[in-house]
Amino acid sequence: MPTYHDRTNDIVDLCLLAGKIMLESGGETYRVEDTMVRIAASFGIPRSHSYVTPTGIIFSIDRMNSTQFIRIVERSTDLHKVALVNNISRRISNGELSLDEAYQQLKEVEKQKFSYSLWQQVAAAAIASGCFAVMFGGWSNFFPSLLAGGAGFYCFEMIHRLVKIRFFAEFFASFIVGGLAMILVAIGLGANLDKIIIGSVMPLVPGLVITNAVRDLMAGHLLAGLSKGAEAFLTAFAIGTGIALILSIG
Amino acid sequence: MIVQQLLTSFIASAAFGIIFNIPKKLLINCGFVGMVGWIIYFLFAEQQINDVVATFIASFFVAMISAIFARIYKTPVTIFSVSGIIPLVPGGLAYEAMRHVILNDYNMAISLAAKAFMISGAIAMGLVFSEVINQLAKQKRKS
């Protein structure tokens, strides 16, 4: 394997890029740290330190005079990218990729768009909502939940694009879900309002974040665990308030 | 009844895979993981077994199957476990808790919220347990 001692800065750039993509795509904190350290080790830097929180990455290499920091502003769930970066890191560890090749490939991954269109996602959210309503309370809830869940998810995506405040988008989307569900029940399309709302709100629920938060806490990443917990709590609270508001109006 | 649960939980979990942008060829696996998790939970819940225990066992199996798939397809475990645990998330309880807040029945709201919290913890504990077992197995294979 060739050595890269004169290219330490490029190696640091590569590690930071890999970490940034992973963290922005919803990779776990410990996986991001692990991947960065492992990439550095594969290129001949055995002692590097990575400190990751959900909002930033700090990365330093022993005896190098500058520590790098990048800020993570936007987080979403795009597990395909996490898998791709993981795959690239695996190939680096096996010595299959050179530094430049790896950087090139990571750049391509970063540019990649979501592999499903918005409409496919809305359809998926709608079907998932319908199925959840059936799981919780029988077939009579399928159709109204399909409508409310799809509309709620679409609203969430649209508002989230317009205003970059996630909690507001979630609040408003669940407000719409609740309103639609109430209208549908009132005109006799659905039977059980509670089950319809629970099913339709499922695509917005921060299930992944809650679980990742507890997992990070148990792995000893206290800061990451707590901040993810706060994110999950705020999201759940936004959804709850949206539903609460529409229920108390109606 | 059980066929209906199997079918809907499979479709719901696979559809969640689309929301999380999981590669197309793995969606079937995601659906399978979610289906197994939900059915385990459902069968235990029907036997009047405590929700927390049922959720714990279900999420343990979700994580175990996910780990096996992850090894076969050489991808991160999260890809499979994320859509697997979604059906177990206590959305219903959280909703009930919120509804009692509106009714000014804070005692009920807090006890429901505590239960939702315990179930979230049970999901996480199930994941952690299976991870520990996997790590032990890995150490054994190495030595």
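**Entry 1: the interface.** How many residue pairs are in polar contact between chain B and chain A? I was looking at a predicted model, where local features need pLDDT of at least 70, side-chain atom pairs count only at pLDDT 80 or more, and totals for chains, interfaces and linings use all residues. Residues are numbered from 1 along each chain as its sequence is written, chains are lettered from A and ligands numbered from 1 in the order written, and side-chain values use heavy atoms, without hydrogens and water.

I found 8 such pairs, both residues at pLDDT 80 or more. A polar contact is a pair of N or O atoms within 3.5 Å; within protein, one must be able to donate a hydrogen and the other to accept it, and residues adjacent in sequence count only if both atoms are side-chain atoms.

I then looked for salt bridges across this interface and got 0 (a side-chain nitrogen of Lys or Arg within 4 Å of a carboxyl oxygen of Asp or Glu). On the side of chain B that touches chain A, H1(B) gives the largest share, 10 residues.

**Entry 2: one serine.** I picked Ser174(A), in helix H7 (residues 166-186) of chain A; helices are DSSP runs of H or I, at least four residues, numbered from the N terminus. Ser174(A) counts as buried because its relative accessibility is 0% (buried is under 20% relative accessible area, exposed over 50%, partly exposed in between, with a 1.4 Å probe and protein chains only).

**Entry 3: one phenylalanine.** Phe129(B) lies in helix H6 of chain B. I noted Phe129(B) as partly exposed, because its relative accessibility is 42%.

Methods: Helices (H or I, at least four residues) and strands (E, at least two) are DSSP runs, numbered from the N terminus.
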